[in-house]
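Reader: I would like a close look at one part of this structure: the place where the ligand sits, and how that place relates to the other empty spaces in the protein. Please take it step by step.

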Amino acid sequence: MAQLSDDCFAFGGELMPTAEALDLLAERTATVVSTERVALRQAAGRVLAEDIRADGDVPPHDNSAVDGYAVNFDDLEVHAATSLKVVGRATAGHPFDGTVGSGEAVRIFTGAEMVRGPDTVIMQEDCTQDGETVVISPGIKRGANVRSAGEDIKAGSVILEMNRRLRAQDVGLAASVGRGHLVVYKPLRVAVFSTGDELYDPDRDLPAGGIYDSNRYTLIALLEELGCSVNDLGILEDRFETIRDALDDAARHHDLIVTSGGMSVGEEDHVKAAVEALGSLHFWRLAIKPGRPIGLGQVGAVPFVGLPGNPVAVMVTFMRIARPMILRLGGCSEVTPNVFQVRADFAHKKKTGRREWVRARLVADGDGQPVATKFPRQGAGILSSMVEADGLVELPEDMKQLKAGTIVDFLPFSEVSR
Ligand code: AMP
Ligand code: MG
């Protein structure tokens, strides 16, 4: 378990490129959670805190890949049918104990341990059985339809490395080597709140000047998708003391504090002052659109992430900047989402020197190739654009103008959210 160094988010530069922000965060954040042992049934979505090694081979023994007959290849005629005597039966979980001599075969089923002697299994579709005799058509290869011991996993090999977030197949693989419990990192305890006197929770009537708080619900869902244990601390009024006291309290029971809104330098934006009163805060003026600035700091020793207020900016900065850092705090090392190259069917003017994310849908062109189509309303407050879109087209800093038909990077939401 690592502690953050004092004032670890200090940054002296001007506009910070995304790549530099991600590098700095990678350098300055490490796992802050301790570990626990959980039953496999509880392990999906958790982050592995040990290397998992296989004690034995998987499969543990040679076995049949099909229903058929186990035979000695050398007994088979090359150009004509062969008749063999069926001397026994092997089914999954019930091996055949005897030995099989020349001219003999054993009826065998998928998953049954291979019989001592035979080296080949003939599919039942390529045979006819008549009483005790099976007649086998020619043309089979030596060793056909036999799965070898260890062909999936070799005894002694590491099958899952620590710091990996466990998916369904990872949990299944652990079970396949006999592991019923795994050491994983405890979920990152995250406190989330919104700030703003205009904000109200859903399910109530809005007073004049009010809007519903959407960011908190978005953020809680995003964090829970990452496996965090989230504490909803509600909406805080735009008042220095209220925010300071809430932050102070949250820092006692959480590994991370995430807020949205109130981070600008307007006179009603008190989050900045409150964080500074309890620790340190740095505005990273990121060279991005939508979504700058974001605040990174510490409340005492607890890391703090202050995201912008606009709902699209919140999501984009979370997905692209905060997410890798949050995963790392929770022990995960695989934090970089995959981007895919697709053709953009739209033109787009942008500023050089900053990275821009354009909300886009993927549609298939006439040849079935994916094409990114821009959502018409790109404002940082247009949350419906995130709902309509399949992901973000990522336009690099050095690009001045996107011409329709250009191949671009596309980040599907499925890479950073469900
Ligand atoms: P702020 O950064 O607090 O000035 O907020 C910027 C914009 O985002 C304002 O229009 C706010 O009303 C809006 N906003 C801030 N927080 C939220 C929230 N939790 N849900 C929806 N909109 C918000
Ligand atoms: Mg505000």
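Author: This is a predicted model. The second largest pocket encloses about 400 Å³ of space. It is lined by 27 residues, and Gly261, Gly262, Pro308, Gly309 and Asn310 are the closest to its centre. This second largest pocket is the space that ligand 1 takes.

Around ligand 1 there are 16 residues, the closest being Glu198, Asp213, Ser214, Gly262 and Gly309. Gly262 and Gly309 therefore turn up in both descriptions: they are among the residues closest to the pocket centre, and they are also among those closest to ligand 1. Sorted by class, the shell of ligand 1 consists of nine polar, four nonpolar and three charged residues.

Individual polar contacts can be listed next. The side chain of Asp213 places an N or O atom 2.7 Å from a nitrogen atom of ligand 1. For Asn215, a polar backbone atom is 3.3 Å from a nitrogen atom of ligand 1. Gly309 also takes part through its backbone, with an N or O atom 3.2 Å from an oxygen atom of ligand 1. On its own, ligand 1 has 480 Å² of accessible area, and the protein covers 75% of it.

The other spaces are best placed against the domains. The protein is divided into domain 1 (18–34 + 186–329), domain 2 (41–60 + 155–185), domain 3 (63–147) and domain 4 (340–413). Between the centres of domain 2 and domain 4, taken over C-alpha atoms, the separation is 38 Å.

The largest pocket has a volume of about 510 Å³. Its lining is made of 21 residues, with Arg165, Arg167, Arg323, Glu334 and Glu415 nearest the centre. By class, that lining holds eight charged, eight nonpolar and five polar residues. The largest pocket lies between domain 1 and domain 2, because both give residues to its lining.

There is also enclosed space. The structure holds one cavity of 30 Å³ or more, and the largest cavity contains about 140 Å³ of space. Of the 15 residues that line the largest cavity, Val47, Leu188, Leu226, Gly227 and Gly330 lie nearest its centre. The cavity lining comprises nine nonpolar, three polar and three charged residues. Domain 1 and domain 2 both contribute to the lining of the largest cavity, so the cavity lies between them.

To return to the ligand site: ligand 1 takes the space of the second largest pocket, with polar contacts that include the side chain of Asp213 and the backbone of Gly309.

How values were computed
Residues numbered from 1 in each chain as written. Chains lettered and ligands numbered in written order. Predicted model: local features only at pLDDT ≥ 70, side-chain atom pairs only at ≥ 80, totals over all residues. Heavy atoms only, no water. Near = heavy atom within 4 Å. Polar contact = N/O pair within 3.5 Å; in protein donor to acceptor, adjacent residues only side chain to side chain. Areas by Shrake-Rupley, 256 points an atom, 1.4 Å probe, with all protein chains shown as cover. 1 Å grid on protein atoms, 1.4 Å probe; cavity = no way out; pocket = protein on both sides within 12 Å on 5 of 7 lines; lining within 4 Å. Sits in = over half its atoms within 2 Å of the grid points. Nonpolar A, V, L, I, M, F, W, Y, C, P; charged D, E, K, R; others polar. Domains from an automatic or database assignment. Points joined across faces, edges and corners; volume = space filled by probe spheres on them.
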